[in-house]
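I opened this model to look up its aromatic pairs, one helix and the main pocket. My entries follow in the order in which I made them.

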Amino acid sequence: MSRPLVITDCDEVLLHMVAPFRDWLGEAHGIDFSMEGADFSNALRYREGGTLVEPAQIWKLLNAFFDTEMHRQDPIAGAVQAVAELRRHADVVVLTNLNDHRQESRTQQLRAAGIEARVFTNQGPKGPALQAILDEYNPSAALFIDDLPQHHGSVKDTAPHVTRLHLCGEPLLAPHIACAHEAGHAHARIDDWDRALPWLLERLETKATVRGDAA
């Protein structure tokens with residue numbers, strides 16, 4: 001019989017991303033990062049002059065960060081221990097929205113942080129990519145963890161039987177991110193691993209089925 005499967009995002013779930021990105025922007029580019037709402041495109045301003053960084057430049061900066069600065073990303077509190085515990089009960093894989101050529105660097109990054117997990121890269125909505133993972137593993141139960149509400153909506157549309165936990169472990173972002181649970185797209189919203197791990201283990205231990213009966 002196949003094992004249960006936990007499919008988790010990486011940035012802001014397992015590893016901090018926005019905080020080290022903010023620090024690097026200030027140090028290397030003279031850009032201040034201030035998240036005052038849910039719109040990321042309004043968060044970056046040049047320190048000299050105060051003008052907004054154009055969206056195209058934001059994407060260039062994000063790519064440059066992942067090219068050279070991934071070593072700055074530290075684990076979210078409790079994430080390393082939580083993944084180790086989850087692996088005792090289920091297979092754990094990472095589904096991360098990075099370009100495919102960064103799959104190996106993300107794998108090595110997580111390993112260096114103490115997280116052993118197979119990494120799947122993706123671009124765009126995560127529902128179809130998650131379905132492909134389900135087709136490969138054919139798990140007895142499936143749980144999905146992500147910090148962004150749109151991915152929970154995509155997974156609900158594609159694989160509604162999957163149990164979905166909305167978790168954003170980055171305090172800079174969590175207050176500004178719309179709640180997928182309140183929108184009806186996730187089964188719960190828990191933003192720290194101390195409370196998230198028992199919630200996940202309860203569903204694994206009660207043998208949540210791929211029909212979502214225990215969600």
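**Aromatic cluster and helix α1**

I find that ring pairs link F21, W24, F65 and F66 into a cluster, where rings of Phe, Tyr and Trp (its six-membered ring) pair if their centres lie within 6.5 Å, and planes under 30 degrees apart count as stacked, over 60 as edge-to-face and the rest as tilted. I note that this is a predicted model, in which local features need pLDDT of at least 70 and side-chain atom pairs count only at pLDDT 80 or more, while totals for chains, interfaces and linings use all residues. Residues are numbered from 1 along each chain as its sequence is written, and side-chain values use heavy atoms, with hydrogens and water left out.

My search of the whole structure gave 4 aromatic pairs. For F21 and W24 the ring centres are 6.2 Å apart and the planes at 35°, so I logged the pair as tilted. Both residues sit in helix α1 (helices being DSSP runs of H or I, at least four residues, numbered from the N terminus), 3 residues apart, about one turn of the helix. F21 and W24 are both buried, meaning under 20% relative accessible area with a 1.4 Å probe, protein chains only. For F65 and F66 the centres are 5.5 Å apart and the planes at 80°, so this pair is edge-to-face; F65 and F66 are buried as well.

Looking along α1, I listed its buried residues as V18, A19, P20, F21, W24, L25 and G26. Just after α1, G30 takes a positive phi of about 60°.

Note on methods:
Buried means under 20% relative accessible area, exposed over 50%, partly exposed in between (1.4 Å probe, protein chains only). Helices (H or I, at least four residues) and strands (E, at least two) are DSSP runs, numbered from the N terminus.
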